[in-house]
Amino acid sequence: MMLSSLLQRAAASSMPGARAGEAAPSASEGRVSGGPPPQLYAEEQLCRPETVGRHAEMPGIVRDLVEAGSIDARARLVRGMLHAIGFEWLGYGMVTYVRGQSWPLSFFTSYANGHWVRRYFAQRHYEVDARHQEAPASSLPLLWDVGQLEASLTGPDPSERRHRFLDDLHASGIRSGLFFRLASPTHVNEHTVISLTSSAPSRNWITEGVVGQALVLGLSVHEYLSRHARVPAAPAAARAEMSGMSPTQQYILEHLLQGRSDKEIAYRLQLSSHTVDYHMRQLRRRFAARNRVQLVKAATQSQHGESGFGGVGQLSTL
């Protein structure tokens, strides 16, 4: 029952709340328009370094993936584990969050539903996919199904794009799933997103035991891709375009969120105190913050996204 109680606490802490004292962004600031397309890649494009020594210290599934003799063998291994749990597809990608809006940087296609991947990026469904905002920032999973997503369309003036998003889900055979994200240790606002999906019509089949097995599999694939394969990284220009911040401002913000003083930031980045002060003023203006404390709070909220769908509360049904 420990997992169930953790999920319930995550649900309670992830519900939307008021953000007092924060100026509302203008329409042009609140959404990113356009942006470079994500990098789609597959097993064939990975560059796996030669493994030195034995693999005994690796987690079991990661070791199996590393030692698999071929791309086909790895695909059979992952798909076999997915089916054993009850899922059929696994999606893995990197996204950046800008003022609550998610934008994809890269996506690994080898274990995903091919029809859904093509439609998702061609139609830019990520712009209306509420699961990105609803997944807890604590890395705990969001459980969902199409019935829940359809129920969200009962509000005033549901957009045509959200209807098209659901139509494409149906056309792809996807009905339910588990969705979670992991914060990047190196880049502010970036997360790894992992999604396990199924043709089962309701999320009720996803029990506590299934959640545990799904997390182990998803994290093992993440370990394999991030540590034992050189995954194509999003270019710095793409990150800058998505966030609207210069690389220097991104680095300064990362150090700020780690609790470092302006003097420490200047020393670590080899910048003058005047330069750090200038960029701090620009960052406060960007996040509508009057001081350092408000800047940290606003940047953290932006990193975690904004919740407006209410689906996280459904986790308490486990």
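Which residues of helix 3 are buried? In this predicted model, helix 3 spans residues 60-67, and its buried residues are Ile61, Val62, Leu65 and Val66. Their directions from the axis cover an arc of only 135°, so they lie on the same side of helix 3. An α-helix has 3.6 residues a turn, so residues three or four places apart point the same way. The cover over the buried residues of helix 3 includes helix 4 (71-85) and helix 9 (208-227).

A second buried site is in strand 6. This strand runs over residues 190-198 and contains Thr192. The relative accessible area of Thr192 is 5%, and because buried means under 20%, Thr192 counts as buried. Beyond its neighbours within four places in sequence, Thr192 is in contact with Tyr92, Gly93, Met94, Phe180, Arg181, Leu182 and His222.

The model also holds enclosed space. There are 4 cavities of 30 Å³ or more, and the largest cavity has about 310 Å³ of space. It is lined by 27 residues, of which Gly91, Phe107, Trp116, Tyr120 and Ser195 are the closest to its centre. Elements that give two or more residues to this lining are strand 2 (89-98), strand 3 (101-108), helix 5 (114-122), helix 6 (131-134) and strand 6. Strand 2 provides the largest share of the lining, 7 residues.

The lining of the largest cavity divides by residue class as follows.

| Class in the lining | Number |
|---|---|
| Nonpolar | 18 residues |
| Polar | 7 residues |
| Charged | 2 residues |

Methods
Residues numbered from 1 in each chain as written. Predicted model: local features only at pLDDT ≥ 70, side-chain atom pairs only at ≥ 80, totals over all residues. Heavy atoms only, no water. Buried < 20%, exposed > 50% of the residue type's maximum accessible area, 1.4 Å probe, protein only. Helix = DSSP H or I, 4+ residues; strand = E, 2+ residues; numbered from the N terminus. Arc of directions from axis to C-beta. Contact = heavy atoms within 4.5 Å. 1 Å grid on protein atoms, 1.4 Å probe; cavity = no way out; pocket = protein on both sides within 12 Å on 5 of 7 lines; lining within 4 Å. Points joined across faces, edges and corners; volume = space filled by probe spheres on them. Nonpolar A, V, L, I, M, F, W, Y, C, P; charged D, E, K, R; others polar.
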